[in-house]
Amino acid sequence: METAERFRAAVEKRDLAALEDLFTEDVRFYSPVKFTPFEGRPMVLGLFGVLLRVFEEFRYVGDFEGAAETSVDGTRAPAEVLLFRAAVEGREIHGIDLLHFDEAGRIKEFTVMVRPQSAVQALGQAVLAGLVADGLA
């Protein structure tokens with residue numbers, strides 16, 4: 001998918017501005033550290049600003065294309081899974097980004113899953129601190 005390739009390149013370059021037109025206005029971001037999703041393009045872009053600062057040595061290591069049901073309405077949508085490796089506060093993280101696309105090819109739903117638990121906790125603390133620092137929480 002062209003959008004996934006553009007997304008991947010923007011993240012790897014840490015180019016927040018390049019992400020803006022890749023998301024729908026009502027994008028939902030499901031985090032491994034928050035029960036409810038982050039909603040809307042401004043909030044998701046703010047979150048990405050924090051994530052791009054928090055993740056160290058971030059790199060994508062694989063991808064899979066297909067389709068999956070979305071969380072918001074259960075419709076089946078084109079999707080791509082991007083596998084990544086990174087570190088947060090010296091803890092190695094293995095994770096996946098699951099991107100769901102709308103009819104125009106923009107990202108309408110984004111789910112992140114990471115392991116191990118100790119890395120999830122470190123990530124949660126670092127992201128919360130970043131959101132507070134940026135006035136988003």
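1. Confidence differs between the elements of this predicted model. Mean pLDDT (the predictor's confidence in each residue, from 0 to 100) is lowest in helix H4 (residues 117–133), at 90, and highest in strand S1 (residues 23–30), at 96. The protein averages 93, and 99% of the residues score at least 70. Helices (H or I, at least four residues) and strands (E, at least two) are DSSP runs, numbered from the N terminus.

2. Residues are numbered from 1 along each chain as its sequence is written. Local features need pLDDT of at least 70 and side-chain atom pairs 80 or more, while totals for chains, interfaces and linings use all residues; side-chain values use heavy atoms, without hydrogens and water.

3. The largest nonpolar core (buried Ala, Val, Leu, Ile, Met, Phe, Trp, Tyr and Cys residues joined through side-chain atoms within 4.5 Å; buried means under 20% relative accessible area, with a 1.4 Å probe and protein chains only) has 39 residues, of which Phe7 and Phe23 touch the most other members. Among the elements that each supply at least two residues are helix H1 (2–13), S1 and H4. Helix H3 gives the largest share, eight residues.

4. Leaving out residues up to four places away in sequence, Phe23 has contacts (heavy atoms within 4.5 Å) with Phe7, Arg41, Val44, Leu45, Phe48, Arg106, Ile107 and Phe110.

5. The structure holds one cavity (a set of points on a 1 Å grid where a 1.4 Å probe fits but cannot get out) of 30 Å³ or more. Its volume, the space filled by probe spheres set on the points, is about 210 Å³. Of the 20 lining residues (an atom within 4 Å of a point), Phe29, Phe48, Leu51, Phe55 and Val112 are closest to the centre.

Terms used
Buried means under 20% relative accessible area, exposed over 50%, partly exposed in between (1.4 Å probe, protein chains only). On a 1 Å grid over the protein atoms alone, a cavity is a set of points where a 1.4 Å probe fits but cannot get out, and a pocket is an open set with protein on both sides within 12 Å along at least five of seven lines; lining residues have an atom within 4 Å of a point.
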